[in-house]
Every structure is written in structure tokens, then in C-alpha cells.
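User: I am new to this structure and would like a close look at one part of it. Please choose one helix and describe how it sits among the rest.

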Amino acid sequence: KVAFFFAGNVELSAFDKNGQVIGNRGFRDHPLDVPWGFRKLLQYCWDKYCKENGIPIVITENGFATDGEAEMTLEEVVNDTQRQTYYNGYVKELVEAVRDDGIKISGYMGWSLLDNLEW
């Protein structure tokens with residue numbers, strides 16, 4: 001566990017309290033695929049910054065970079081099951097946060113093809 005300045009000096013960990021990995025690792029260990037954590041983050045942001053004033057949340061960047069994608073065959077890249085799983089989990093949690101938790105979301109933008117050109 002390490003605290004990083006760019007992460008708001010919070011302790012970052014890829015493991016739960018029992019030492020189990022919390023999600024699927026992406027390229028360069030970033031990001032981890034943890035849909036339930038996304039929902040918890042939405043709830044935290046809603047409660048702390050938005051709810052009192054009714055300000056909706058806008059997710060401006062969300063996506064998954066598959067580890068080792070540059071070395072994959074075309075068939076492996078096209079059969080993009082890790083990214084499909086990622087979006088399935090995150091969009092499900094987003095819908096449930098709106099429907100079940102009453103969180104206002106006014107926008108969602110997933111990564112595009114061009115977002116990963118720096119890699």
C-alpha cells in the first residue's frame with residue numbers, strides 16, 4: 001500500500017483486507033476493474049459534493065486498457081472480452097447507482113479509440 005500525491009494522498013491498494021486482489025489488472029496495473037468500487041466512489045462524491053445542491057455527476061473518462069494488448073494477435077484484440085466485462089460491470093453499477101441510490105448522473109463518456117494513443 002502506498003499513498004500517492006496525485007491520488008489525493010490516499011492509500012492505494014489492489015488488495016482487500018483479506019489480501020485478495022480486488023479486480024482485474026489492466027495495462028501497467030492501471031486501472032483495476034472494480035465495478036463495485038466505482039459505485040462506492042459515485043456514492044461518496046454524491047454525498048460529499050453534489051447531493052445537498054442537487055448537482056449531477058458527469059463521468060468524463062471511464063475505460064479499461066487491456067494488459068499486453070500490443071502483443072496480441074488481431075483475433076485476440078477483436079475478441080475484447082476484458083473490455084466488454086469492464087464496461088458491462090461499470091455501466092451496470094452506474095445504472096444501479098441512479099435507479100437504486102438516487103444519484104443524479106447527467107453524463108457518461110467512455111474511453112475512445114484515440115484515448116490510448118499515448119501508450
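**Helix H3 and its surroundings**

Analyst: In this predicted model, among contacts in the protein between residues at least 6 apart in sequence, 56% join residues at least 24 apart. The protein has three helices and six strands, and along the sequence they follow the pattern β-β-β-β-α-β-α-α-β. Buried residues make up 27% of its 119 residues. The accessible surface comes to about 8500 Å², and carbon and sulfur atoms account for 55% of that.

The part chosen here is helix H3, which covers residues 81-101. Its length can be checked in a simple way. With 21 residues at 1.5 Å a residue, H3 should span 30 Å, and its end C-alpha atoms are 29 Å apart, so the two values agree. H3 is followed by Gly102, which has a positive phi, near 75 degrees.

Which residues of H3 are buried? They are Arg83, Tyr86, Gly89, Tyr90, Glu93, Leu94, Glu96 and Ala97. The buried residues of H3 pack against strand S4 (32-33), helix H1, strand S5 and strand S6 (105-110).

Some of these neighbours also share a core with H3. The largest nonpolar core has 15 residues, and the members that touch the most others are Phe38, Leu42, Ile57, Ile59 and Ile103. At least two residues of this core come from each of H1 (35-50), S5 (57-62) and H3. Leu42 shows how such contacts reach across the sequence: leaving aside residues up to four places away, Leu42 touches Leu94 and Ala97, along with Ile57, Ile59, Ile103 and Ile105. Both Leu94 and Ala97 are among the buried residues of H3.

A charged residue in H1 also meets H3. Arg39 lies in helix H1. Is Arg39 buried or exposed? Arg39 counts as buried because its relative accessibility is 19%, and the cut-off for buried is under 20%. With residues up to four places away left out, the contacts of Arg39 are Glu93, Glu96, Ala97, Asp100 and Asp101. Of these, Glu93, Glu96 and Ala97 are listed as buried in H3.

Strand S5, one of the elements that H3 packs against, also has a residue that is exposed. Thr60 lies in S5 and is exposed, because its relative accessible area is 58% and exposed means over 50%. Thr60 and Met109 are 49 residues apart in sequence, yet their C-alpha atoms are 5.1 Å apart in space.

Note on methods
Residues are numbered from 1 along each chain as its sequence is written. This is a predicted model: local features need pLDDT of at least 70, side-chain atom pairs count only at pLDDT 80 or more; totals for chains, interfaces and linings use all residues. Side-chain values use heavy atoms; hydrogens and water are left out. A nonpolar core is a set of buried Ala, Val, Leu, Ile, Met, Phe, Trp, Tyr and Cys residues joined through side-chain atoms within 4.5 Å. Buried means under 20% relative accessible area, exposed over 50%, partly exposed in between (1.4 Å probe, protein chains only). Helices (H or I, at least four residues) and strands (E, at least two) are DSSP runs, numbered from the N terminus. Contact means heavy atoms within 4.5 Å. The expected span of a helix is 1.5 Å times one less than its number of residues. Accessible areas come from the Shrake-Rupley method with a 1.4 Å probe; for residues, only the protein chains shown count as cover.
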